[in-house]
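Hi,

Here is the structure I promised to pass on. Have a look at it first, and then read my notes underneath.

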Number of protein chains: 2
Amino acid sequence: MSIQEVAKQAGVSSATVSRVFNLPDKVTEATRERVKRIAKALGYMPNASARALRTQRSRVLGVVLPTLLNPVFAECLDGIASAATAAGYAILPVTTDYQLAQEDQAVNLLLAGNVDGMILVVSNPSTSRALKRLQAAKLPYVLAYNRHTAHPCVSVDSQAAVVALVAYLAQLGHRRITLVTGQLAASDRAQQRLRGFKKGMMAAGLKTSDLLEVPFVKSAAQDISKLLLIKGRPTALVCSNDLLAIRSIRAAHLAGLSVPNDLSVVGFDGISIGEDLTPILSTITQPNAEMGRRATGLLVQALAGGKPLKPSSSLTLEHAFREGESCARPAPILMEILKSHKKI
Amino acid sequence: MSIQEVAKQAGVSSATVSRVFNLPDKVTEATRERVKRIAKALGYMPNASARALRTQRSRVLGVVLPTLLNPVFAECLDGIASAATAAGYAILPVTTDYQLAQEDQAVNLLLAGNVDGMILVVSNPSTSRALKRLQAAKLPYVLAYNRHTAHPCVSVDSQAAVVALVAYLAQLGHRRITLVTGQLAASDRAQQRLRGFKKGMMAAGLKTSDLLEVPFVKSAAQDISKLLLIKGRPTALVCSNDLLAIRSIRAAHLAGLSVPNDLSVVGFDGISIGEDLTPILSTITQPNAEMGRRATGLLVQALAGGKPLKPSSSLTLEHAFREGESCARPAPILMEILKSHKKI
DNA sequence: CTGTTAGCGCTTTCAA
DNA sequence: TTGAAAGCGCTAACAG
């Protein structure tokens with residue numbers, strides 16, 4: 001079903017049919033209606049490839065994400081998808097599994113796919129070769145979650161969030177707080193959160209060396225539970241993301257500790273499932289879907305204007321602390337015991 | 001960077017350049033290498049739209065899913081994405097939020113997007129208008145999760161799984177088992193699981209009327225907890241999906257019951273996060289990523305053969321029961337109390 | 001307001 | 001083995 005067929009049936013030229021769909025004002029109402037009717041009857045749908053070839057714009061947005069298995073990114077993609085659809089764009093998502101090599105491949109794939117622009121979450125904007133390629137290709141793009149002065153980003157201020165969180169925990173009475181993080185090298189977010197943690201600990205006058213890097217997802221709960229079995233164990237865990245927080249709660253269980261009575265656990269991300277858990281996950285929430293929507297909005301706007309997206313158009317969205325049920329004041333008795341251990 | 005440019009620089013015709021990439025055997029090694037070298041130096045990438053227009057195949061697969069917010073489908077999409085990429089296809093996902101109207105729209109959108117085929121999870125294959133359209137358009141497609149003799153499907157035998165599950169619970173000693181389900185009308189899976197439940201209860205000689213339909217996600221935990229506060233409450237909950245199971249565990253908590261001591265909760269889906277929870281979710285697991293991969297494989301194969309995908313090529317994948325920690329033998333004392341309540 | 005026409009970049013006969 | 005040329009379906013000057 002091509003435009004020619006419709007034109008023939010309607011007794012007009014293909015140009016007129018094209019106008020009916022793209023510049024309806026430039027066609028008489030009479031012909032417009034007739035053409036529409038016939039097009040509909042024939043089930044005509046414009047050929048996207050032909051249109052893209054002719055206009056040099058595919059109306060497709062590439063999306064590069066670490067994984068869909070972490071609900072953070074699934075939620076974000078959901079936001080991207082809805083905003084893109086609303087703006088008349090299709091999306092073409094690719095995952096990288098946090099691997100730099102795959103990041104490169106992903107960008108290549110999308111470049112080859114003629115996308116008009118890209119939304120991406122990279123490991124680290126400073127070192128990403130994929131980003132360099134993108135800039136070389138002069139393709140409009142926007143980063144999500146990443147935060148870097150040299151790139152247009154939509155993100156939250158993770159560092160400030162964690163600073164405030166540590167202050168809150170300290171104020172609750174926690175003195176032994178450990179940061180549980182995934183591979184620091186794999187994510188600038190993890191690094192920012194670490195900086196926030198150090199800063200917060202310093203500000204609270206607490207020693208800041210308590211950090212547990214959990215590189216392997218599989219053994220995370222075991223690794224964390226080991227930490228909880230030692231004398232002078234932490235009374236609170238600040239987890240770099242919600243998935244780690246969930247595993248930390250499991251680790252507490254494995255170590256025979258109850259959350260939040262024996263151990264406070266706080267996450268970061270605000271994945272929606274956290275609200276349904278028992279205990280409800282205490283966490284710093286990010287507006288994940290909104291993050292995707294805003295990133296998409298920025299990109300679509302840039303595309304419409306034909307302008308390159310400037311780093312100065314970066315957006316910092318609001319985060320929030322969700323109290324939840326996995327975080328509490330440390331039990332006074334527990335504090336005494338731990339203190340005495342310290343003295344030994 | 002067009003093929004013409006490469007041709008000119010290499011001193012050959014565009015046809016030869018095209019052959020170098022598509023039919024390399026039909027070109028002398030010498031020219032092949034030279035063209036490749038120059039193409040690489042120029043950063044040439046074939047234009048996907050032009051190729052699609054010319055060949056009438058976009059190498060894009062449409063994907064229609066209810067939502068990305070349920071990890072089941074995120075996991076499945078992950079499988080689809082990896083299989084599609086491996087086969088040289090891009091994917092174009094659209095979500096329907098379980099709405100029939102959006103299902104229609106989604107299919108239209110993808111049809112307009114010139115996809116070569118579609119993988120979809122619909123509400124109900126029997127009644128789906130979207131599927132009719134697809135068939136009318138003669139576009140190859142395959143359903144995932146859905147199960148219907150008139151369509152090519154990749155699924156698990158939910159009904160049999162639940163029959164076996166109920167038998168297992170009965171054998172553990174449970175007599176009061178309630179099925180917790182989402183909107184039955186919105187999903188054929190829910191209906192199949194219900195059938196399995198009824199069949200299983202019947203086989204175990206238990207009364208089968210215990211069913212709780214929870215239409216609103218928001219209030220799910222509250223709704224379920226009400227059920228748990230009545231006299232003669234169930235000792236086991238069979239949940240139609242893992243998200244409901246998670247909310248049921250919360251409901252138990254709200255009702256002051258502990259899982260699995262006071263109440264057994266079993267889910268359905270096998271979302272990966274279930275293994276990290278405390279208690280580990282007892283559930284019937286489906287191979288979600290594999291489901292996506294197999295569906296993609298079937299579709300890609302059909303596309304390669306130029307054959308329509310027949311219902312007879314449907315695949316039933318293996319499900320399994322994951323014991324987990326949210327399911328146990330009912331406490332004997334509890335049974336006594338409940339029995340006495342029944343007598344009152 | 002409408003039609004004619006050129007051509008987007010690629011693949012694929014057909015000839016050489 | 002390679003090249004010439006047509007044409008996929010559409011849009012956008014340009015002319016009328």
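**What I found around the DNA**

Starting with DNA strand D, there are 24 residues around it, and Ile3(A), Ala15(A), Ser18(A), Asn47(A) and Ala50(A) come nearest. The elements giving two or more residues to this surface are α2 (14–22) and α4 (48–55), in chain A and in chain B. The largest share comes from α4(A), with 5 residues. By class, the surface near DNA strand D divides into 9 nonpolar, 11 polar and 4 charged residues. Do keep in mind while you read that this is a predicted model.

Now DNA strand C. It has 25 residues around it, and the ones that come nearest are Ile3(B), Ala15(B), Ser18(B), Asn47(B) and Ala50(B). Two or more residues each come from α2 and α4 of chain A and from α2 and α4 of chain B. Here the largest share is from α2(B), which gives 6 residues. The classes for the surface near DNA strand C are 10 nonpolar, 10 polar and 5 charged.

**How the two chains sit together**

How are chains A and B related? A rotation of 180 degrees, with 0.0 Å of shift along its axis, superposes chain B on chain A with an RMSD of 0.1 Å. That is why you can call it the relation of a two-fold axis. If you want to find the axis on screen, go to Ser49(B): in chain B, its C-alpha is the nearest to the axis, at 2.4 Å. Both copies use the same surface, as 100% of the contact residues of chain B recur in chain A.

As for the contact itself, 34 residues of chain B meet 34 residues of chain A. On the chain B side, at least two residues each are supplied by α4, α5 (71–86), β2 (90–95), α6 (100–112) and α11 (242–254). Which of these gives the most? That is α5(B), with 6 residues. The side of chain B that touches chain A has 20 nonpolar, 9 polar and 5 charged residues.

**Two helices to look at**

In chain A, try helix α11 (residues 242–254). It has 13 residues, which at 1.5 Å a residue should span 18 Å, and its end C-alpha atoms are indeed 18 Å apart, so the two agree. Of those 13 residues 12 are buried, so α11(A) is largely enclosed by the rest of the structure. Among the buried ones are Leu243(A), Leu244(A), Ile246(A) and Ile249(A), and the list also includes Asp242(A), Arg247(A), Arg250(A) and His253(A). What do the buried residues of α11(A) pack against? Their partners in chain A are β6 (177–181), α10 (220–229), β8 (236–239), β9 (264–269) and β10 (282–285). After α11(A) comes Gly256(A), with a positive phi near 75 degrees.

In chain B, have a look at helix α12 (residues 288–305). Its 18 residues should span 26 Å at 1.5 Å a residue, and the end C-alpha atoms are 26 Å apart, so the length agrees here too. α12(B) is mostly covered, with 13 of its 18 residues buried. Gly306(B) follows α12(B), and its phi is positive, near 65 degrees.

Shout if you would like to go through any of this together.

Cheers

How values were computed: Residues numbered from 1 in each chain as written. Chains lettered and ligands numbered in written order. Predicted model: local features only at pLDDT ≥ 70, side-chain atom pairs only at ≥ 80, totals over all residues. Near = placed C-beta within 6 Å. Helix = DSSP H or I, 4+ residues; strand = E, 2+ residues; numbered from the N terminus. Nonpolar A, V, L, I, M, F, W, Y, C, P; charged D, E, K, R; others polar. Least-squares fit on C-alpha atoms with pLDDT ≥ 70 in both. Contact = placed C-beta atoms within 7 Å. Expected span 1.5 Å × (residues − 1). Buried ≥ 20, exposed ≤ 12 C-beta atoms within 10 Å, placed from the backbone.
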